[in-house]
Amino acid sequence: MSDIELALVGLGTIARAQHLPAIAATPGMTLTAVASRNARLDGVANFTDIDTLLDEMHDVQAVSLCTPPQGRFEQAMAVLRADCHLMLEKPPGATLTELQILAAEARLRSLTLFTTWHSREAAAVDVARDWLADRVVHATHIDWCEDVRKWHPGQDWIWQPGGLGVFDPGINALSILTAVLPDPVRLTGADLHIPENRQTPIAAELTMDAGHPVTARLDWRQQGADLWQIRFDTDAGTALLDQGGARFSVDGEPVAQGDNAEYARLYARFRDLIANGDSDLDLSPLRLVADAFLTGRRHAAPEFQDQDP
Ligand code: NAP
């Protein structure tokens, strides 16, 4: 069978760091075109917008969107209406409704729609899920803390409505949480700390229920080492999934650890979903974020500037 011809839209940080190498390493898929307003990529057809790309590249069969969530809906709909399969970076969209509409369009056209959650593909997540399946969990706690100036320098969209603020990384923790706990997770409370000069939170505390209490601390004001970890207090000891899901230990003893192959796994799955005529659309992490914005208490936080004054 010939390779699936793929196009990529939005040649920003994550597209260059993860998508391009992962696509190059995925058998059965070839990148043939890119749409970017500002950047170019050697060796493929370049366009400044998705509509022109779809108009001119009739052999493209699948498109991966790596743009910010705001404005994705129009791009995604154009892809589906051109009868191309669609892969979406996390978060898959700016609203839940737009994703329902995209799902219906994909179904109507028998196209693959894949809402990716890259953190679920981290090396130790599957091991953690299998280990937890046989245990009673008494409490779960998330610490997802990083320095926004280090990871998102100059990214204005994260502070705009729909940009999610600290939930942009925090949704990664929620994607792992909803994948490893056997019971559905329900948000019960949220405190959102929003800088006076911004639209989205710089920090948040969440409480959830998953048949046991779950708490989360998301913070973009972290100094020093990143803290991306989930702790599970269980009847068989304290388990820790840390390094963003790359390492799993129980009572301090290592159980699983591995290198980052998150995006290679995502593209292999996209290829297989297309081959099997399937879709993968799990919106549970985005639902928790939406519920936090719906019900959370707002707290004014000091103004935030990209550079230290
Ligand atoms: P980014 O560096 O800002 O890149 C996004 C790209 O999208 C831009 O370079 C731009 O590319 C294009 N774009 C189209 N409309 C835009 C608009 N209105 N404002 C800004 N850019 C626009 O962002 P990113 O970090 O790659 O994040 C993109 C998506 O990947 C987000 O959903 C994010 O949550 C997700 N993600 C990011 C990371 C990370 O570590 N950065 C990790 C995993 C997932 P052109 O100039 O080429 O048009």
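## Two domains, two sheets and a shared core

In this predicted model, 27 Å separate the centres of domain 1 and domain 2, taken over C-alpha atoms. Domain 1 covers residues 4-115, while domain 2 is assembled from 121-258 plus 290-301. Where they touch, domain 1 puts in seven residues and domain 2 puts in 11 residues.

Let's start with the sheet that opens the chain. Six strands make an open sheet with parallel pairing, and reading across it you get β3-β2-β1-β4-β5-β6. The edges are β3 (45-47) and β6 (113-115), each of which pairs on one side only. Ignoring direction, neighbouring strands here are turned by 20° against each other on average. At the β6 end, β5 (residues 85-88) runs parallel to β6 and is held to it by three bridges; Met87 has Phe114 of β6 as its bridge partner.

Now for the helices on this sheet. Helix α1 (residues 13-24) lies across β1 (4-9), β2 (29-35), β4 (62-65) and β5, and it runs at about 175° to β1. Helix α8 (residues 262-276) also packs on the sheet: it touches β1, β2, β4, β5 and β6, and its direction makes about 155° with that of β5.

Move on to the other sheet. This one is open too, but it has nine strands and mixed pairing, in the order β14-β13-β12-β11-β7-β10-β9-β8-β15. Its edge strands are β14 (253-257) and β15 (297-301), again pairing on one side only. The average turn between neighbouring strands, direction ignored, is 15° in this sheet. At the β15 end, β8 (residues 186-195) and β15 run parallel and share five bridges, and along β15 you'll find His299 standing opposite His193.

Two helices are worth following here. Helix α9 (residues 284-295) lies across β8, β9 (203-209) and β15, at about 65° to β8. Then there's α5, which packs on the sheet by touching β7, β11, β12, β13 and β14, with its direction at about 30° to that of β13.

Which residues of helix α5 (residues 125-133) are buried? They are Val125, Ala128, Trp131 and Leu132. Seen down the axis of α5, these buried residues fall within an arc of 125°, so they line one face of the helix. The spacing fits a familiar rule: an α-helix has 3.6 residues a turn, so residues three or four places apart point the same way. As for what that buried set packs against, the partners are β7 (137-145), α7, β11 (227-234), β12 (237-242) and β13 (247-250).

That mention of α7 takes us inside. The largest nonpolar core has 77 residues, and those with the most contacts inside it are Val63, Ile142, Phe167, Leu206 and Met208. Helix α7 (residues 167-180) supplies the largest share, seven residues. Where does this core sit relative to the two domains? Domain 1 and domain 2 both give residues to it, so the core lies between them.

Met208 gives a good feel for the packing. Setting aside neighbours within four places in sequence, Met208 is in contact with Ile142, Leu174, Leu177, Val185, Arg186, Leu187, Thr188, Pro213, Val214, Ala216 and Leu288. There is also a second, separate core of 23 residues, which includes Leu6, Leu20, Met87 and Phe270. Met87 is a residue we've already met, as the bridge partner of Phe114.

Technical notes:
Residues numbered from 1 in each chain as written. Predicted model: local features only at pLDDT ≥ 70, side-chain atom pairs only at ≥ 80, totals over all residues. Heavy atoms only, no water. Core = buried A, V, L, I, M, F, W, Y, C linked by side-chain atoms within 4.5 Å. Buried < 20%, exposed > 50% of the residue type's maximum accessible area, 1.4 Å probe, protein only. Helix = DSSP H or I, 4+ residues; strand = E, 2+ residues; numbered from the N terminus. Domains from an automatic or database assignment. Contact = heavy atoms within 4.5 Å. Pairing = 2+ DSSP bridges. Axes fitted to C-alpha atoms, helices over the stretch in contact; angles between N-to-C directions. Arc of directions from axis to C-beta.
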